[in-house]
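Dear colleague,

I am passing on the structure below, and after it I set out what came of going through its helices and aromatic residues. Please read the notes with the model open beside them.

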Amino acid sequence: MTPSEFEIMYDVKHIFNYTLDETRCHVGRAPTLNSCVMLFGRESTRKVMRGALDTFIDFVKAKDKPNNAQRDTICWLVMSQFGSLKITEWLLFSMKAMSGQFGKFYNCLDPLDITTAVRSWAKECEAFRNEYRSEQVRKDREAERQFEVMSEAKRQEALKILERIEEKLKAKLKEKKS
């Protein structure tokens, strides 16, 4: 995928599609911000992030909002400090911020308010991913245990079938000898 294809794929106009399934946002195949920077460059990553950030900031009815330079700085800060966030988690952050999950912003939307909310969000995302992984491990162990139980039952069944075959062969051999 090229940087321009990345920008199109994660353009803010797709934000509603990407954020419908929160679990997929957290554990799906979307790249982390660090991976985006390495694969597509800082500028392409900033453009995608900036689209979601602008959507959130423009949605808020605060009088004082971050200017363009501050908005870019917020993106650079998030990339550098929260690189383990997936790009879809960043889009989801924007949606959740618009829905008020991080509180109501009165009259002033300060860049520090945004980065503080991102810090809180990054902790939530990490906790979700850890819980999801733990649940997957638990499910895998349960599946292995069930397989072992099932395998033992199948093995016993196979042994019984072999015993019956052996008995039949012995009976046929006796018949031939007589």
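The buried residues of α5 (buried meaning under 20% relative accessible area, with exposed over 50% and partly exposed in between, for a 1.4 Å probe and protein chains only) are covered by elements that include α1, α2 (15-19), α4, α6 (68-81), α7 and α8. Helices here are DSSP runs of H or I with at least four residues, and strands are runs of E with at least two, numbered from the N terminus, while contact means heavy atoms within 4.5 Å.

Before going further, please note that this is a predicted model, in which local features need pLDDT of at least 70 and side-chain atom pairs count only at pLDDT 80 or more, whereas totals for chains, interfaces and linings use all residues. Residues are numbered from 1 along each chain as its sequence is written, and side-chain values use heavy atoms, with hydrogens and water left out.

**Helix α5 and its contact with α4**

The buried residues of α5 are Ser-44, Thr-45, Arg-46, Val-48, Met-49, Arg-50, Gly-51, Ala-52, Leu-53, Asp-54, Phe-56 and Ile-57. The expected span of a helix is 1.5 Å times one less than its number of residues, so the 18 residues of α5 should cover 26 Å, and the 25 Å between its end C-alpha atoms agrees with this.

Two packed helices are described by the angle between their axes and the distance between the axes. For α4 and helix α5 (residues 42-59), the axes come within 7 Å and cross at roughly 130 degrees, where axes are lines fitted to C-alpha atoms, for helices over the stretch in contact, and angles run from 0 to 180 degrees between N-to-C directions. The two helices are therefore oblique to each other, given that angles under 35 degrees count as roughly parallel, over 145 as roughly antiparallel, 65 to 115 as roughly perpendicular and the rest as oblique. Leu-33, Cys-36, Val-37 and Phe-40 of α4 make this contact with Arg-42, Ser-44, Thr-45 and Met-49 of α5. Its residues divide into five nonpolar, two polar and one charged, on a scheme in which Ala, Val, Leu, Ile, Met, Phe, Trp, Tyr, Cys and Pro count as nonpolar, Asp, Glu, Lys and Arg as charged, and the others, Gly among them, as polar.

Three residues of these two helices deserve a closer look. Cys-36, in helix α4, counts as buried at 0% relative accessibility, and, leaving aside neighbours within four places in sequence, Cys-36 is in contact with Phe-6, Pro-31, Gly-41, Thr-45 and Ile-87. Ser-44, in helix α5, is buried at 6% and, with the same neighbours left aside, is in contact with Pro-3, Phe-6 and Glu-7. Ala-52, also found in helix α5, is buried at 0%, and beyond its neighbours within four places in sequence Ala-52 is in contact with Val-12, Ile-15, Trp-90, Leu-91 and Ser-94.

**Helix α7**

All twelve of the twelve residues of α7 are buried. From its first C-alpha to its last, α7 reaches 17 Å, close to the 16 Å expected at 1.5 Å a residue. After α7 comes Gly-100, whose phi is positive, near 90 degrees.

**Aromatic pairs**

How many aromatic pairs does a search of the whole structure find? There are seven, where rings of Phe, Tyr and Trp (its six-membered ring) pair if their centres lie within 6.5 Å, and planes under 30 degrees apart count as stacked, over 60 as edge-to-face and the rest as tilted. One of them joins Phe-6 and Phe-40, whose ring centres are 4.3 Å apart with planes at 10 degrees, so the pair is stacked. This pair links distant parts of the chain, with Phe-6 in helix α1 (residues 3-9) and Phe-40 in helix α4 (residues 33-40), 34 residues apart. Phe-6 is buried at 0% relative accessible area, and Phe-40 counts as buried at 11%.

Phe-102 and Trp-121 form an edge-to-face pair, 6.1 Å centre to centre with 85 degrees between the planes. Phe-102 lies in the loop between α7 (87-98) and α8 (111-177), and Trp-121 in helix α8, 19 residues apart. Phe-102 is buried at 18% and Trp-121 at 2%, and both belong to one aromatic cluster with Phe-56, Trp-90 and Phe-93.

With best wishes
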